[in-house]
Amino acid sequence: MKSVVIQQPERLVIEERPLPQPQSGEVRVRVMSAGICGSDVHIFRGHNPFAKYPRVIGHEFFGLIDAVGEGVEASRLGARVAVDPVVSCGHCYPCSVGRPNVCTSLQVIGVHRDGGFSDYACVPDRCAYEVPAAIPDQHATLIEPFTIAANICAQLQPTARDIALIYGAGPMGLTLIQVLRGVFGVAQIIVVDRIPERLAMAQENGADWVINNLTTDLKAELEQAGVRPTLIVDAACHPAILPEATTLASPAGRIGIMGFSPEPCTLSQQAITGKELTIYSSRLNSGRFPQVIAWMAEGKIQPEKLITHRFPLEHVTDALQLFEQDQKTCCKVLLSISV
Ligand code: NAI
Ligand code: MN
Ligand code: ZN
């Protein structure tokens, strides 16, 4: 089988590898489609501190179960599945309180163990979620990115009264806009970015008001309009955003952060306590696949709006390069895989 292997930072090779055999409790997935994410590029460039090399990248993928390991029902053969990349121990403190995404021995498929940019991938049976026929293959590839939005929403608990402000209209910001609009029906969605093309994508995905914070003073704009966001999410993940968000938020507001920057940021206790703000963080997803699959099946979210490019697996280098360099046109870039 062919696998996209990052042998070491900056060295990507499509390797011919032996067909893997599922171990006890595992299924083998014949991968049909996979999505490129910023973190795949980070592993390629050597910027992911968790990655071990050599590594088959890819943690957003869909396929068919074509073999099962010991202890797995044979009825699983042929199932169309989306794979949850979170592999957890099931018994540590975070696992015991329903937060397997921060398991003390967390393994992420495509980061800590081999992933889905490959003809086949073996994964724990419990990570492979059956996808109903109503959801087409390529949409199913986007279940994982939507689980990121689902997870932060589980923390923030959006309501119809919320005025949401989202920083960043990349894939993360755009999935979040769709979920806030289609699932939670928040009152207003304001999106901030510095790339006009991305702000246009935000509008197409359901933003009510977009603001370019490179050319406009965000604080002044909001003040002039008399708007105080009750729910703010930093999906751009720059350390300067959280302090700004604490000044913009309504009293009793909630702020969600998703970034991994090691840079410190300076917060004032007064800005937080004075308004009794709540700050949440969210990493990956904690068992949110069934929820997102239901949203897709019910038509509450529109994955097709996010797919901007498709490449065959053989052209993975071109696909990664385009994704990395062309933020103006790219949202989700998919790889089609067929053996
Ligand atoms: P992206 O790089 O495609 O999008 C980020 C967007 O933010 C860009 O459009 C950029 O122009 C905009 N931006 C940057 N600085 C800004 C600022 N100061 N103000 C307003 N807009 C600004 O990235 P993507 O894929 O959408 O991911 C966003 C972030 O989410 C990344 O930092 C990534 O590491 C993080 N992430 C976190 C996850 C988690 O589970 N916590 C999962 C996936 C991604
Ligand atoms: Mn991803
Ligand atoms: Zn655990």
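Trainee: Which element of the protein chain has the lowest mean pLDDT, and which the highest?

Mentor: The general idea is that pLDDT is the predictor's confidence in each residue, from 0 to 100. Where pLDDT is low, the predicted coordinates should not be read in detail. In this predicted model, local features need pLDDT of at least 70, and side-chain atom pairs count only at pLDDT 80 or more. Residues are numbered from 1 along each chain, and side-chain values use heavy atoms, without hydrogens and water. Helix α3 (residues 137-140) has the lowest mean, 95, and strand β11 (residues 163-167) the highest, 99. Helices (H or I, at least four residues) and strands (E, at least two) are DSSP runs, numbered from the N terminus. The protein chain averages 97, and 100% of the residues score at least 70.

Trainee: Which residues are the protein donors of the zinc ion (ligand 3)?

Mentor: Donors are N, O and S atoms within 2.8 Å of the metal (3.2 Å for Na, K and Ca); water is not among the atoms, so sites may look incomplete. Here the SG atoms of C89, C92, C95 and C103 lie 2.3 to 2.4 Å from the zinc ion. Their spacing in sequence is C-x2-C-x2-C-x7-C. C89 lies in the loop between β7 (86-87) and α2 (93-96) and C103 in the loop between α2 and β8 (107-108), so the pair ties together parts that are 14 residues apart in sequence.

Trainee: Why is the arrangement around the zinc ion (ligand 3) tetrahedral?

Mentor: Four donors count as tetrahedral if all angles lie between 85 and 135 degrees. The four donor atoms of this site subtend angles of 105 to 118 degrees, which makes the arrangement tetrahedral.

Trainee: Is C103 buried or exposed?

Mentor: Buried means under 20% relative accessible area, exposed over 50%, partly exposed in between (1.4 Å probe, protein chains only). C103 is buried at 6% relative accessibility, whereas C89 is partly exposed at 26%.

Trainee: How many aromatic pairs does a search of the whole structure find?

Mentor: Rings of Phe, Tyr and Trp (its six-membered ring) pair if their centres lie within 6.5 Å; planes under 30 degrees apart count as stacked, over 60 as edge-to-face and the rest as tilted. The search finds two pairs. Y129 and F289 are stacked, at 5.3 Å centre to centre and 25 degrees between the planes. This pair links strand β10 (residues 128-130), which holds Y129, with helix α10 (residues 289-297), which holds F289, 160 residues apart. F289 is buried at 0%, and Y129 is partly exposed at 23%. The ring centres of F184 and W295 are 6.3 Å apart with the planes at 80 degrees, so this pair is edge-to-face.

Methods
Chains lettered and ligands numbered in written order. Tetrahedral: all angles 85-135°; square planar, octahedral: opposite > 155°, others 65-115°.
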